[in-house]
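Here is a short report for a reader meeting this structure for the first time. Look over the sequence and the model, then read on.

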Amino acid sequence: RAGTGKRGDTNGRSFDLVSNKEDGSEWIFRFRGTSLWVSYSTRKGAEDLGAINLTSKEARTLWNLIDELNLAGRRQGKRDAPEGTVMMRLRDPTDDKHELTEIYVARDKANDDEAVAAVAVYLGDLVRKYKNEEPNF
């Protein structure tokens, strides 16, 4: 029999960014390997923009920006700040489990944080390039 793993089982590093605003809109980015999945919602409805297959260079750039966030070295923060929240989650596989780091940044502080802003700008660039959509997060 070929293959002993579970079908569809993946064990890789992943990063999620969820940005929600006080107006109820929300953007969701999920990144693993070279694949970036994007969706957004407003009070009027939701749109799944689907997956983007990044080039190796784009994926390396995004992983480097994520590493510069130094999520493990940040305060966890709080969810649902009145002005909105940016949630970032990094999952790193280890030998026998996954290390999960999740932090929350109030939207008014996220724009002043150079590392968070750099990730957001690059994600926006990728969405414009591949999905011809103007992100508003």
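## The sheet

In this predicted model, six strands form an open sheet. Their order is 4-3-2-1-5-6, and the pairing is antiparallel. Strand 4 (45–53) and strand 6 (98–106) are the edge strands, and each pairs on one side only. On average, neighbouring strands are turned by 10 degrees against each other, direction ignored.

Take one pair within the sheet. Strand 1 (residues 14–21) and strand 5 (residues 84–93) run antiparallel and are joined by eight bridges. Leu 17 has Met 88 in strand 5 as its bridge partner.

## Helices across the strands

Helix 1 (residues 56–69) lies across strand 1, strand 2 (26–32) and strand 5. Helix 1 runs at about 110 degrees to strand 2.

Helix 3 (residues 114–131) lies across strands 1, 2, 3, 4 and 5. Its angle to strand 4 is about 90 degrees.

## The nonpolar core

In soluble globular proteins, nonpolar side chains tend to be buried together. Here the largest nonpolar core has 32 residues. Phe 15, Phe 29, Phe 31, Leu 36 and Met 88 have the most contacts inside it. Strands 1 to 6, helix 1 and helix 3 each give two or more residues to this core. Helix 3 gives the most, with seven residues.

## A closer look at Phe 15

Which residues does Phe 15 touch, not counting those up to four places away in sequence? Among them are Phe 29, Phe 31 and Met 88. Phe 15 also touches Trp 63, Ile 66, Leu 69, Leu 71 and Val 119. Arg 30, Arg 89 and Leu 90 complete the list.

Conventions. Residues are numbered from 1 along each chain as its sequence is written. This is a predicted model: local features need pLDDT of at least 70, side-chain atom pairs count only at pLDDT 80 or more; totals for chains, interfaces and linings use all residues. Side-chain values use heavy atoms; hydrogens and water are left out. Two strands pair if DSSP finds at least two bridges between them. Helices (H or I, at least four residues) and strands (E, at least two) are DSSP runs, numbered from the N terminus. Axes are lines fitted to C-alpha atoms, for helices over the stretch in contact, and angles run from 0 to 180 degrees between N-to-C directions. Contact means heavy atoms within 4.5 Å. A nonpolar core is a set of buried Ala, Val, Leu, Ile, Met, Phe, Trp, Tyr and Cys residues joined through side-chain atoms within 4.5 Å. Buried means under 20% relative accessible area, exposed over 50%, partly exposed in between (1.4 Å probe, protein chains only).
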